Amino acid sequence: MTTGIRIFKTNIAAEDGKRDRHGLSGSKPPYVSHAHNTGIMLPVITYSRNVFLPLTFVCRNACGYCIFRRPPGEGCVLSPDEVMRILRCGAGAGCTEALFTFGEHPEEVAGFMPWLEDFGYSSILEYCYAMAEEALAMGLLPHTNAGIMNADEMRYLSEVNASMGLMLETTADIPAHRNCPGKEPARRIAMIEDAGRLKIPFTTGLLLGIGETSSDRRESLEVIAGLHRRYGHIQEIIIQNFCPKPGTDMSAFPGATLQDIQETVRMAKEILSPDIAIQIPPNLADAAKVIPCGVTDLGGISPVTIDYVNPEHPWPALDELRVLTKGYTLKERLCIHPEYIRRGWFHPRLRDCIKNLENAVHMRGTFVIPAKPLYEGKAKSVYSSEKPDELIVVFRNDMTAFNGVKHDKFTGKGKLNATASEFFMKMLEAEGIPTHFIRMSAPDTMIVRRLEMIPLEVIVRNVAAGSMTKKYPVAEGTVLDWPVVTMDYKDDERGDPMINDDLIQVFHILTAEELIQVKKMAMDVNRVLSRFFDECGIRLVDFKLEFGKAAGTIYLGDEISMDSMRLWDKVTGESFDKDVYRFDKGDVITAYRNVLKRIIPDVEM
């Protein structure tokens with residue numbers, strides 16, 4: 001089954017020392033962060049990491065714009081085994097939220113119940129409760145969007161949910177909601193009010209471009225603001241634009257314009273209390289043009305699952321979020337916001353999971369993204385961190401060859417290389433080889449020790465290939481009598497010329513002792529990796545390394561990935577490395593995935 005993602009938010013506060021339209025004191029703005037070593041106060045943009053679990057697509061409503069709804073039939077209920085698989089993937093990818101969603105009251109649709117009863121459950125809420133317990137057991141906080149529920153049903157689910165949600169969409173009576181008993185505005189407002197009485201941290205929002213007017217949007221925002229003034233439970237509001245879908249009644253409907261989205265965000269900032277986060281889904285609109293209007297959250301970003309409501313719009317990778325939020329502090333959050341954790345608005349059985357995930361998010365840190373990275377490589381971007389002895393390395397989806405003459409982007413490529421690099425860095429650390437790796441903060445983002453990089457590329461060759469066969473009289477595929485270490489001076493303008501030991505010392509790049517140490521480390525890396533790859537049926541032909549210094553110690557830096565190694569199948573000689581791209585030998589992403597499947601058999605890609 002394909003996999004997905006979800007969306008939420010965090011808000012902008014009143015100016016320091018001023019009072020908002022409701023008379024609330026602004027005190028110190030919570031959306032301000034001090035950028036490391038800049039003296040600049042940057043606004044905060046938040047996001048969460050989640051997995052999207054659509055327990056069923058069966059729904060009693062028949063909205064004119066929806067492609068989520070499907071009739072009962074084979075596969076109409078996500079099986080417990082599939083739920084568990086997705087949860088395991090999410091936990092392994094560092095997700096903190098399990099978003100459970102399903103069509104509203106599917107039991108009312110003829111033919112649905114036998115499919116649910118096959119799994120041993122008598123209602124979709126009972127099934128959701130059980131799967132939420134499994135999520136908690138794996139260390140993920142559940143958030144449920146179930147459509148219309150009464151107070152007793154919400155109270156029941158609140159035992160295993162850190163937060164819940166229901167889109168108001170609009171207070172207007174519109175044709176798109178004909179044949180949709182659950183879309184009556186009064187019923188949705190009543191449920192949001194019940195959630196307030198129950199002290200459930202809640203998400204709601206507007207769906208733009210479904211037939212409502214600008215005045216309808218203002219009225220909807222005023223209703224939400226009033227509910228929050230009364231109960232204080234709305235932690236985030238989604239400003240989401242409707243995207244026309246082929247095959248629906250509204251496939252030719254124009255939807256919301258960029259100007260509509262911008263105006264609604266500004267309106268939300270004006271009307272809503274500053275403690276309500278204003279969120280947009282970054283996959284549905286031109287986020288870079290909407291964020292400055294008052295957006296404070298980008299919702300759930302999943303490394304594992306797709307957006308099942310808008311599957312044609314893939315979610316941005318974390319490095320793309322960083323591009324969108326340059327000039328802001330990008331900060332991870334949980335599905336229950338900090339103020340509700342402080343208030344104790346959660347069931348006692350969630351306490352340990354919340355505490356553990358708060359610690360995990362804190363350890364991953366807050367990302368202050370300056371206007372420019374410290375360094376922009378061919379396939380990685382390096383950013384400063386709030387910790388002066390650490391850096392943030394984002395593995396991008398760029399693929400280059402022949403010194404950048406050939407350049408493309410491949411979805412997921414950054415994550416594949418980051419996964420491999422993390423795996424090998426940990427392996428080498430276990431073998432006593434010091435590396436700059438500290439931890440992963442996202443599937444494509446690595447926190448590393450800040451090093452003073454040594455301007456050398458250290459190449460270890462076991463088999464003749466590539467430039468070696470062009471420069472020397474040796475045939476490709478010739479197994480060398482012993483591993484050969486060569487070094488190139490890193491200088492793009494000079495074409496990274498080869499350099500010998502004497503020049504390295506004369507130019508004061510390394511001392512004689514340091515040179516011996518670097519070569520030994522390179523040979524140790526070759527010994528460990530060659531042995532491991534051999535067990536995986538892969539020949540390590542050659543690879544390049546980079547090193548750096550910190551506090552007098554030499555560390556292995558940069559990356560160890562399919563981009564930096566030449567790998568051949570031991571039996572067929574098939575390439576599994578960048579040569580697939582260089583010489584158009586096939587699908588390079590398939591080749592990279594093949595490597596990961598061999599070295600980490602249970603990896604999810």
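Two strands count as paired when DSSP finds at least two bridges between them, and that is the sense in which strands are said to pair on this tour through a predicted model.

Begin by colouring the chain by pLDDT, the predictor's confidence in each residue. The chain averages 85, and 87% of the residues score at least 70. Select residues 1–41, where pLDDT stays under 50 although the model has 149 contacts beyond four places in sequence for them. Where pLDDT is low, the predicted coordinates should not be read in detail. Strand β1 (residues 32–34) has the lowest confidence in the chain, at a mean of 39, whereas strand β20 (residues 456–463) has the highest, at 98.

Next, select residues 185–197 and 214–231 together, which are helix α5 and helix α6, packed at an angle of about 20 degrees with their axes 9 Å apart. Because angles under 35 degrees count as roughly parallel, α5 and α6 are described as roughly parallel to each other. Turn the view until one helix lies over the other, and α5 can be seen to pass α6 in a right-handed crossing. To see what touches, show the side chains of Ile189, Ile192, Glu193 and Arg197 along with Gly196 on α5, and those of Val223, Leu227, Arg230 and Tyr231 on α6, since these residues make the contact. By class, the contact of α5 with α6 has five nonpolar, one polar and three charged residues.

Now move to the open sheet, in which three strands lie in the order β19-β23-β24 with antiparallel pairing. Its edge strands are β19 (452–453) and β24 (553–556), each of which pairs on one side only. Select β19 with β23 and look for the two bridges over which they pair in the antiparallel sense; here Glu452 stands opposite Lys549 in β23.

On the other side, strand β23 (residues 547–550) is joined to β24 by four bridges, and these two strands also run antiparallel. Which residue in β24 is the bridge partner of Lys549? The partner is Ile554, and in the pairing of these strands Gly548 stands opposite Tyr555 in β24. Follow the chain from β23 into β24 and you trace a hairpin with two residues between the strands, where Ala551 in the turn has a positive phi of about 50 degrees.

Finally, add residues 512–535, which form helix α15; this helix packs on the sheet, touching β23 and β24, and its direction makes about 30 degrees with that of β24.

Key
Residues numbered from 1 in each chain as written. Predicted model: local features only at pLDDT ≥ 70, side-chain atom pairs only at ≥ 80, totals over all residues. Heavy atoms only, no water. Axes fitted to C-alpha atoms, helices over the stretch in contact; angles between N-to-C directions. Parallel < 35°, antiparallel > 145°, perpendicular 65-115°, else oblique. Left-handed = near helix turned anticlockwise from the far one by under 90°. Contact = heavy atoms within 4.5 Å. Nonpolar A, V, L, I, M, F, W, Y, C, P; charged D, E, K, R; others polar. pLDDT = per-residue confidence, 0-100.
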